[in-house]
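Got your viewer open? Let's take a short walk through this model, one selection at a time.

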Amino acid sequence: MTIALPRDLDFAVVGGGAAGFFGALHYAARKKGARAAIFEKGPGFLQKVRISGGGRCNVTHACFDPKKLAEHYPRGTRELRAAFHQWQPQDTIDWFERRGVALKTEADGRMFPTTDDSGTIIDCFHKEAERLGIEKHKKTELVDLVRKDQGFALTFANGLTIHAAQVLLAGGSLKANALTKAIEKCGHPLEPLVPSLFAVNVADRRLSGLSGISLENVSVTLSQGEARQGPILITHRGLSGPAILRLSAWEARTFAAEKYHLPLRINWLPTLNPQALQAAFANLRTKAGRKRISKDPLEGIPKRLWERLVEASGIDKAAVWSQLKKDAQHRLTEECLNGTFEITGKTTNREEFVTAGGVKRSSINFKTMESRHTPGLYFAGECIDMDGITGGFNFQAAWTTAVLAARAAASKQAS
Ligand SMILES: Cc1cc2nc3c(=O)[nH]c(=O)nc-3n(C[C@H](O)[C@H](O)[C@H](O)COP(=O)(O)OP(=O)(O)OC[C@H]3O[C@@H](n4cnc5c(N)ncnc54)[C@H](O)[C@@H]3O)c2cc1C
């Protein structure tokens, strides 16, 4: 049975997540009296917002220079730089503040609602949607989309069919399903989908039993590619923390190509070069000659990890600094600055994960987020081949692209 809505829509939003809601709210705020609706396939709206940031929702990041901000996106840097001139974190902060939602900044720049509760963001969106008269349909999955009568015919899995003058696709991370088929049919090739922001599995004697130990600043590198720096956490499966998540984002395609089995190089002391480390060892040989090497960690390396690095260098547990020979010193330097660990898989990061790949950026006009092939069709959020590192950057990209799409759609109909 086909159910039809009584009147055509001006703006249909597919996806009741972060980008879809923000897009619908901005469109409706600009186009009073227009008919806008959100269609969500799941049983509830804003599900990812709810679980985001460990339930606290890391809404954005305190970085207000569009150029610097765009550098946090492994895919989309160039396109987002211009987009952030239109809508950036300060606009997000102001928007929420005007609606009574205050945000706070943590030491690392991540911004959360002062309530530390993602429910605050969700309540704000629902209240706004109600105030602006936006229709919301859950359990309504888009299965087909075709250009029709200067607009679009949308078909949903529950039998609903509608006609909309313009459509915003904000379906989040894409999978091989009806939505991706519909997108491809509209002339939009997809970049292959691969996970980003994951922890890695490492089965290595040097790390076993050390789960819970963290370091403030390490540098991690794959055999090729740039080193990524930041805090690291040893987990019961391997390694996690910002340095690893950054690496997983920037090297998402290399990881996928190697099927998550590849060597990882770790520099546990990235502020020291080999010469400085040699000088530190020489100093310890003379000034702390009687101290046991294995019990005298260098600053920045936790005791238990240091013991493992000393052991891996083939240095006797009981050896003291004055006994450190040249070849052992060389091996210890390698362990500290260039240790190689074998990655044997990936693990979902509980705080945040995203999909890299999706609708090709080159097929979208990033000034308006409108399709270059199908006028009236817009994209926002994670369905686009665009993603950021962890820290509030992914939501910021969703907010920005949604606002651009909504503004363009609203002004188009006005003309
Ligand atoms: C555990 C976790 C924590 C995270 N925490 C953070 C964080 O703190 N800060 C941050 O910046 N980012 C975070 N992210 C990433 C962030 O959630 C996403 O980048 C963001 O949600 C993308 O917004 P979106 O609207 O594009 O997609 P989504 O929020 O995923 O919304 C897309 C919606 O579209 C619906 N949909 C899909 N297909 C159809 C269809 N055919 N018909 C109708 N509806 C459809 C989906 O059900 C979904 O509700 C986190 C991600 C995860 C998984």
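Two residues are in contact if their C-beta atoms, placed from the backbone, lie within 7 Å. With that in mind, show the whole protein: of its contacts with a separation of 6 or more, 73% are between residues 24 or more positions apart. You're looking at a predicted model, where local features need pLDDT of at least 70, side-chain atom pairs count only at pLDDT 80 or more, and totals for chains, interfaces and linings use all residues. Residues are numbered from 1 along each chain as its sequence is written.

Now switch to cartoon view. You'll find 13 helices and 21 strands (DSSP runs numbered from the N terminus: helices are H or I, at least four residues; strands are E, at least two).

Next, select the ligand. It is surrounded by 35 residues, and the closest are Gly15, Gly17, Gly53, Gly172 and Gly381 (near means a C-beta atom, placed from the backbone, within 6 Å). Then colour α1 (18-30), α2 (47-55) and α13 (393-414), the elements that give two or more residues to this shell. Which one gives the largest share? That's α2, with 5 residues.

Stay on α2 and add helix α6 (residues 118-131): their axes come within 8 Å and cross at roughly 155° (axes are lines fitted to C-alpha atoms, for helices over the stretch in contact, and angles run from 0 to 180 degrees between N-to-C directions). So α2 and α6 are roughly antiparallel (an angle over 145 degrees). Finally, show side chains where they meet: Val49, Arg50, Ser52, Gly53 and Gly55 in α2 touch Ser118, Ile121 and Ile122 in α6.

Notes
Angles under 35 degrees count as roughly parallel, over 145 as roughly antiparallel, 65 to 115 as roughly perpendicular and the rest as oblique.
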